[in-house]
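Hi everyone, thanks for coming along. I have one structure to walk you through today, so let's bring it up on the screen.

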There are 2 protein chains.
Amino acid sequence: MPHKRRAKTHIKMQMSRQDIEQSLRDKGLQPTLQRVGICQFVLCMADHPTAEDVHAWAEQNLGKISLATIYNTLGSLVDVGLLRELKFSHSEKSIYDNNLDEHHHFFDVKTGLIHDIPVQNLELSMNLGKPFKVEGYEILLKGTVKP
Amino acid sequence: MPHKRRAKTHIKMQMSRQDIEQSLRDKGLQPTLQRVGICQFVLCMADHPTAEDVHAWAEQNLGKISLATIYNTLGSLVDVGLLRELKFSHSEKSIYDNNLDEHHHFFDVKTGLIHDIPVQNLELSMNLGKPFKVEGYEILLKGTVKP
DNA sequence: GCCAACATTAGAATGATTCTAAACTTAGAA
DNA sequence: TTCTAAGTTTAGAATCATTCTAATGTTGGC
Ligand SMILES: [Mn+2]
Ligand SMILES: [Mn+2]
Ligand SMILES: [Zn+2]
Ligand SMILES: [Zn+2]
């Protein structure tokens, strides 16, 4: 049964430039200007952005930057585990998730926005045949969110 | 709570050529040779095939056929509700589902196969904040299936 | 048989993402 | 410092599933 109390929701990590540079070094990535800039957005400000979103922000805030760099950087961040890559049926674009806690998602069909749902807020019970060995599951809720 | 008894699983509809032709007419689609052939596979034999799978079967069993026809036909079948189109995160390709009952899916990480899970076999309870109005959900289980 | 509507087709176009190969930049070592 | 190798960025080409285009073929009712 789900908890009665509302679970504390993921709070966006507030990181200084130095924190970001250190995180990158810790993961074996050089803290280049482009990477640090992209991280500021993708780790601290953005909410499930697409590569296109990241590129738009970067062009606006860091000056001209190649789309290849956006993809390279997002790919590296995913590889070292600072970011997750998700794909949903309603779009062909990947979205990047800075919430590293295990969680599910809610798709707002009106706005197209994705909201995080903490695992504690959902409970799944299953009754499958013996042959099925479940190792994990993803739940995508769909609906609308009140203003 | 999930039922104790195992739900009867979706049985693949066995349709004669005539049945298929009638279904197509009923939906306002001309029962062309290509369409009927594709339906034989995609409605009666296949299990979550990709467009590529359908094309391979069709080339093999119907003779030369354009990929565009495969996509056109699958699209029409989806439009009239004889088929569903699904996309999963683990692949960029759409898969087509002839199970029209509401159901969830199990992804076998070893074989890459998708299995249907009747809705009665899963029960989801949720405890979300007031602003969320849930209109539906998709559950994707992942794991392996015993031989 | 004739025609308009509908289908099929080859190949071009699209769009997200990845690759290529050249030009930069960086971190150390000397 | 200077040098160099490794790592990074970049423009543009390539990839791949899917959609579009526009020409050709087929059908069903008259
Ligand atoms: Mn990736
Ligand atoms: Mn489609
Ligand atoms: Zn998330
Ligand atoms: Zn299915």
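**Two domains, two chains, two DNA strands**

Let me start inside one chain: 6 residues of domain 1 of chain A touch 6 residues of domain 2 of chain A. Before I go further, please keep in mind that this is a predicted model. In chain A, domain 1 covers 17-97 and domain 2 covers 103-143. Taken over C-alpha atoms, the centres of these two domains of chain A are 25 Å apart. Between them, domain 1 and domain 2 of chain A bury about 580 Å², with 64% of that on carbon and sulfur atoms. Which residues carry the domain 1 side? H48(A), F88(A) and H90(A) supply 67% of the area that domain 1 of chain A buries against domain 2 of chain A, more than any other three residues.

Now for the layout of the chain. Chain A has 4 helices and 6 strands, and from the N terminus on the order is α-α-α-α-β-β-β-β-β-β. For those of you thinking about box dimensions, the C-alpha trace of chain A spans about 50 × 35 × 30 Å along its principal axes.

Next, the pair of chains. Chain B superposes on chain A by a rotation of 180° with 0.0 Å of shift along the axis, at an RMSD of 0.0 Å. That is the relation of a two-fold axis. Both copies use the same surface, since 100% of the contact residues of chain B recur in chain A.

How many residues does each chain bring to this contact? The answer is 37 residues from chain B and 37 residues from chain A. The buried area between chain B and chain A is about 3400 Å², and carbon and sulfur atoms give 53% of it. On the chain B side, N127(B), F132(B) and E138(B) supply 18% of the area buried against chain A, more than any other three residues.

On to the DNA, beginning with strand D. There are 18 residues around DNA strand D, and the closest are T32(A), R35(A), K64(A), T69(A) and Y71(B). Which parts of the strand come within 4 Å of the protein? Sugar and phosphate make up 83% of those atoms of DNA strand D.

Some individual distances may be handy if you want to check them on your own screen. The side chain of T32(A) has an N or O atom 2.5 Å from a phosphate oxygen of DNA strand D. For Y71(B), a polar side-chain atom is 2.4 Å from a phosphate oxygen of DNA strand D. Q34(A) places a polar side-chain atom 3.1 Å from a sugar or linking oxygen of DNA strand D. The elements giving two or more residues to the surface near DNA strand D are α2 (33-45) and α4 (67-80) of chain A, along with α4 (67-80) of chain B. By class, that surface has 6 nonpolar, 8 polar and 4 charged residues.

Finally, strand C. Here 17 residues lie around the strand, and Y71(A), S94(A), T32(B), K64(B) and T69(B) come nearest. Sugar and phosphate account for 82% of the atoms of DNA strand C within 4 Å of the protein. A polar side-chain atom of Y71(A) is 2.4 Å from a phosphate oxygen of DNA strand C, and one of T32(B) is 2.5 Å from a phosphate oxygen of that strand. As for Q34(B), an N or O atom in its side chain is 3.1 Å from a sugar or linking oxygen of DNA strand C.

That's my tour, and I'm happy to take questions.

Conventions
Residues are numbered from 1 along each chain as its sequence is written. Chains are lettered from A and ligands numbered from 1 in the order in which they are written. This is a predicted model: local features need pLDDT of at least 70, side-chain atom pairs count only at pLDDT 80 or more; totals for chains, interfaces and linings use all residues. Side-chain values use heavy atoms; hydrogens and water are left out. A residue is near a molecule or strand if one of its heavy atoms lies within 4 Å of it. A polar contact is a pair of N or O atoms within 3.5 Å; within protein, one must be able to donate a hydrogen and the other to accept it, and residues adjacent in sequence count only if both atoms are side-chain atoms. Ala, Val, Leu, Ile, Met, Phe, Trp, Tyr, Cys and Pro count as nonpolar, Asp, Glu, Lys and Arg as charged, and the others, Gly among them, as polar. Copies are superposed by least squares on the C-alpha atoms of residues with pLDDT of at least 70 in both. Contact means heavy atoms within 4.5 Å. Domain bounds come from an automatic or database domain assignment. Buried area is the accessible area (1.4 Å probe) that two parts lose on being put together, summed over both.
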